[in-house]
Amino acid sequence: MLRLGVDFGLTNTDAVLVEGQRIVAEKTLQTGPASLEALHQVLETLGLKPAQLELIACTGGLSRRLPDDLEGLQLEKVGEALAVGRGGLALAGLSEALVVSAGTGTAMIAARGATAQHFTGSAVGGGTLLGLSRLLLGTADPLEVARLAEKGDPGRVDATLLDVIGGGIGHLPPDATAVNLGRLVREAPPRPEDLAAGLVTLVGQVIAVISLNAARAAGLSQIVLVGHLTDLAPVRAALERVWYFYRVEPRPLIPPKAGLATAYGAVLCSLG
């Protein structure tokens, strides 16, 4: 039988159709908060009827307020931390890791086997990037922000260690960021491309550094990043730059279908 996992986020609603433990269909859409109307929209988008499903596993924003069934079909509510942890580990093929869900905000889950708990997080995430981009670049389209950032140079808006102290410090090279957007204090307004690159760098660095410290504090050697923010190539590049500077081993993983991890994890939780 088929099971449907639905993750209601502040920006996106992710849905995965699972047979056994295999994802057979997927969709990301905007439905608004969790509701029966939103679930009907998901089903319609995937071309499904409730009678075709064994159950729907729901997680994310306000999903706990949903009723227990939809036209007689069981709605199982799954805690978001548990869904993130199970989904991240399964997609990465690991038994334990710090699973970092980089979506509108950022949650960091200490996941070990079938157990998972929220360890820490940050209010800095994709919502921060898009909110600042709307104010400073005139767009909140993530693909447009990514396109601009790929053409820009964050070094034209960020102050580097070379600028601030005249060279590197410890294992950080002279071109490492010392002050995000620090050049904007005194220099002329930047090109939109450079500002986009600086915003992406700021968000990526905050997530990467907190993740690194959280993994150490949790006693977990591996970091797995999931969530739709990782869909953007400039964000991945900003993360990778931190891993390189800090010589992180083993290198953190971004598994395939990372944006669907929470919805997939909800289904896995429903399977026991």
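This passage walks through the pockets, an aromatic pair and a strand hairpin of a predicted model.

A good place to start is the empty space. Rolling a probe the size of a water molecule over the atoms shows where such space is left. The largest pocket comes out at about 740 Å³. Its lining is made up of 37 residues, and T11, N12, G103, T104 and H228 are the ones that lie nearest the centre. Several elements give two or more residues to this lining: the strands β1 (2-8) and β8 (106-112), together with the helices α2 (80-92), α3 (126-137), α4 (142-151) and α8 (261-270). The largest share belongs to α3, which puts in four residues. Sorted by class, the lining of the largest pocket holds 18 polar residues, 15 nonpolar ones and four charged ones.

Next comes the second largest pocket, with a volume of about 270 Å³. Here 19 residues do the lining, and P154, A197, T201, A238 and R241 sit nearest the centre of this pocket. Two or more lining residues come from each of α4, β10 (159-160), α6 (192-218) and α7 (233-245). So what classes do the residues of this second lining divide into? There are eight nonpolar, six polar and five charged residues. Helix α4 turns up in both accounts, as it gives two or more residues to the lining of the largest pocket and also to that of the second largest.

Turning to the aromatic rings, the structure holds just one aromatic pair. The partners are Y244 and F245, whose ring centres are 6.0 Å apart. Their planes make an angle of 50°, and the pair counts as tilted because that class covers whatever falls between the 30 degree limit for stacked and the 60 degree limit for edge-to-face. Are these two residues buried or exposed? Y244 has a relative accessible area of 58%, so this residue is exposed, the cut-off being over 50%. F245 has 10% relative accessibility and therefore counts as buried, as the limit is under 20%.

Last, there is the hairpin. Strand β8, already met in the lining of the largest pocket, pairs with strand β9 (residues 115-122) in the antiparallel sense, over seven bridges. Within this pairing, M108 stands opposite T120 in β9. How many residues lie between the two strands of the hairpin? There are two, and G113 in the turn has a positive phi of about 60°.

How values were computed. Residues numbered from 1 in each chain as written. Predicted model: local features only at pLDDT ≥ 70, side-chain atom pairs only at ≥ 80, totals over all residues. Heavy atoms only, no water. 1 Å grid on protein atoms, 1.4 Å probe; cavity = no way out; pocket = protein on both sides within 12 Å on 5 of 7 lines; lining within 4 Å. Points joined across faces, edges and corners; volume = space filled by probe spheres on them. Nonpolar A, V, L, I, M, F, W, Y, C, P; charged D, E, K, R; others polar. Phe/Tyr/Trp six-rings, centres within 6.5 Å; stacked < 30°, edge-to-face > 60°. Buried < 20%, exposed > 50% of the residue type's maximum accessible area, 1.4 Å probe, protein only. Pairing = 2+ DSSP bridges.
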